[in-house]
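Colleague: Please take a close look at the salt bridges in this model. I would like to know where the partners sit, how accessible they are, and what the rest of the chain looks like around them.

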Amino acid sequence: MAYPTWALIIGSILSSVALVVVNKQIFTRGFTHVFTLSTFHFVWTAGLLHIMARVFKLFEVKRVSMLHNLLVASFGVGSICLMNFSLKLNSVGFYQMMKLCIVPCCLLLNAVRYDEYPTRKVVGALVLVLIGVGIATVTDVQLNLLGSVFGVAAVLVTAQYQIWQGRKQKEWGMSSQELALSVSTYQIGVGAVLAIIFEGQDLLLKPQGSDWEHLDDPLDPNKGIAANLRDGASAAAAAVTSDGSDEAVSLTMLILLSCLLAVSVNVHSFALIGKTSAVTFQVVGHGKTCLILASGYMMHISEGNPIEELYRNIFGVVVALSGVILYSNLKITPATSKDICDKCLPHFMLRLVSSRENEKVGSF
């Protein structure tokens, strides 16, 4: 069943924000093993999609070569792993800056590998988005060699994986659900191997509730951005009963909820990228970031705190949202109709941003 793009965007935003909140609660309660949790996510994604395909016949189970599947699956798990190491080895500011680099990296890979280029209008909109989010989020940029290597690797692997999420659907003749099922099945094995290598000893030797709660979050894609969510997660964790068995049940329920939300995130990401592009998916993510920031600013102001200290951040959000709105308008306006640039820009500026007739333009 084909869903409209706006529904996929809303579903992607809601499920990803909810997943961040739930994972924060899980990490706050002492379970900090991101590879193990990610493997649980892959198991649930593959399991539920298998049920949908084999029991309810909602789509087919299609086969491609193990090598191709394993390559895409490894990039997917590698994206999580490398982003995780990038966050642990770098300052939050440098981590956020690396996340911003995924968009230009997607454009570069599409140009070099597939000879496809965005229009100048799209480039202008993306520049606004990246500058705005950068102003609002990037602060304490601190460089180190090892962290920089992991940061660059995370950007390259993530960009290629998200491009494949869209291209492999067309190349292999699969729907988004069929590709998600095919890839997630192999991600279970890759994730399990990494969980054993990096977390096996801790899982066997460290009891729950020991010193785990003093560790930094190993993976929070919105750390530094979703700080307003941290308080809510901590408060929820503090409300847990002191009875050990009840706390274990509560943690188990949170992990199950995290798995269900991860299924939604995976399905929505494959569907959205397949219907639009990896760049659009990144723009949606930055738009989500702006909404989270804006809600945090409103909470900050409503508590009686001075607005002056937020001027820089608010300016960044306004610039970024302007870019998101412009990009959205360019995406939904038919090629035969006038977009917002055609209607608002003076003629001399319009000539600068208009693409030449002989330029090969891809879907961005």
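Modeller: One cut-off first: a residue is called buried when its relative accessible area is under 20%, exposed when it is over 50%, and partly exposed in between. The model is predicted, so every value below is computed from predicted atoms.

The salt bridges number five. One of them joins the side chains of E116 and R167, with 3.0 Å from N to O. This pair links distant parts of the chain: E116 belongs to the loop between α5 (102-114) and α6 (120-137), R167 to helix α7 (residues 145-171), and 51 residues separate the two. E116 has a relative accessibility of 22%, and because this falls between the 20% and 50% limits, E116 counts as partly exposed. R167 falls in the same class, partly exposed, because its relative accessible area is 25%.

A second bridge connects D339 with K121, again with 3.0 Å from N to O. D339 is in the loop between α12 (311-332) and α13 (340-344) while K121 is in helix α6, so this bridge ties together parts that are 218 residues apart in sequence. Both D339 and K121 are buried.

The bridge between E171 and K168 has an N to O distance of 3.3 Å. Both partners lie in helix α7, three residues apart, which is about one turn of the helix. Their accessibility differs by class: E171 is exposed because its relative accessible area of 53% is over 50%, while K168 is buried because its value of 11% is under 20%. Besides these pairs, K121, D339 and D342 are joined into one network by salt bridges that share partners.

Now for the surroundings. The protein chain holds 14 helices and zero strands. Of its 364 residues, 48% count as buried. Among contacts in the protein chain with a separation of 6 or more, 86% are between residues 24 or more positions apart.

The unreviewed UniProt entry places the feature "transmembrane region" at several stretches, including residues 122-139, 145-164 and 179-198. Two of the annotated stretches can be set against the model. Residues 67-87 are 100% helix and 0% strand, and their end C-alpha atoms lie 30 Å apart. For residues 179-198 the content is again 100% helix and 0% strand, with 28 Å between the end C-alpha atoms.

Helix α7, which carries R167 and the E171 and K168 pair, also contains Y161. Y161 is buried because its relative accessible area is 9%, under the 20% limit. Leaving out neighbours within four places in sequence, the contacts of Y161 are V72, F75, G76, V183, Q187 and F270. The C-alpha atom of Y161 is 8.9 Å from that of A278, although these positions lie 117 residues apart along the chain.

S79 is a residue of helix α3 (residues 66-89). S79 is buried because a relative accessible area of 11% is under the 20% limit. Beyond residues up to four places away in sequence, S79 touches V157 and T158.

A278 leads on to α11, one of whose partners is α5. The two helices pack at an angle of about 175°, their axes 9 Å apart. Angles over 145 degrees count as roughly antiparallel, so α5 is roughly antiparallel to α11. On the α5 side the residues that meet α11 are I102, V103, C106 and L107, and on the α11 side they are A278, V279, Q282 and H286. The length of α11 also checks out: at 1.5 Å a residue, its 25 residues (278-302) should span 36 Å, and the end C-alpha atoms are 36 Å apart, which agrees. Just after α11, G304 takes a positive phi of about 90°.

Towards the start of the chain, A18 is found in helix α1 (residues 5-28). A18 is partly exposed, because its relative accessible area of 25% lies between the two limits. A18 and L257 are 239 residues apart in sequence, with 9.7 Å from C-alpha to C-alpha.

To return to your request, the E116 and R167 bridge links distant parts of the chain, the D339 and K121 bridge ties parts that are 218 residues apart in sequence, and the E171 and K168 bridge lies within helix α7.

Methods. Residues are numbered from 1 along each chain as its sequence is written. This is a predicted model: local features need pLDDT of at least 70, side-chain atom pairs count only at pLDDT 80 or more; totals for chains, interfaces and linings use all residues. Side-chain values use heavy atoms; hydrogens and water are left out. A salt bridge is a side-chain nitrogen of Lys or Arg within 4 Å of a carboxyl oxygen of Asp or Glu. Helices (H or I, at least four residues) and strands (E, at least two) are DSSP runs, numbered from the N terminus. Buried means under 20% relative accessible area, exposed over 50%, partly exposed in between (1.4 Å probe, protein chains only). UniProt positions are given in the numbering used here, feature names are shortened, and annotations may be inferred rather than shown by experiment. The expected span of a helix is 1.5 Å times one less than its number of residues. Axes are lines fitted to C-alpha atoms, for helices over the stretch in contact, and angles run from 0 to 180 degrees between N-to-C directions. Angles under 35 degrees count as roughly parallel, over 145 as roughly antiparallel, 65 to 115 as roughly perpendicular and the rest as oblique. Contact means heavy atoms within 4.5 Å.
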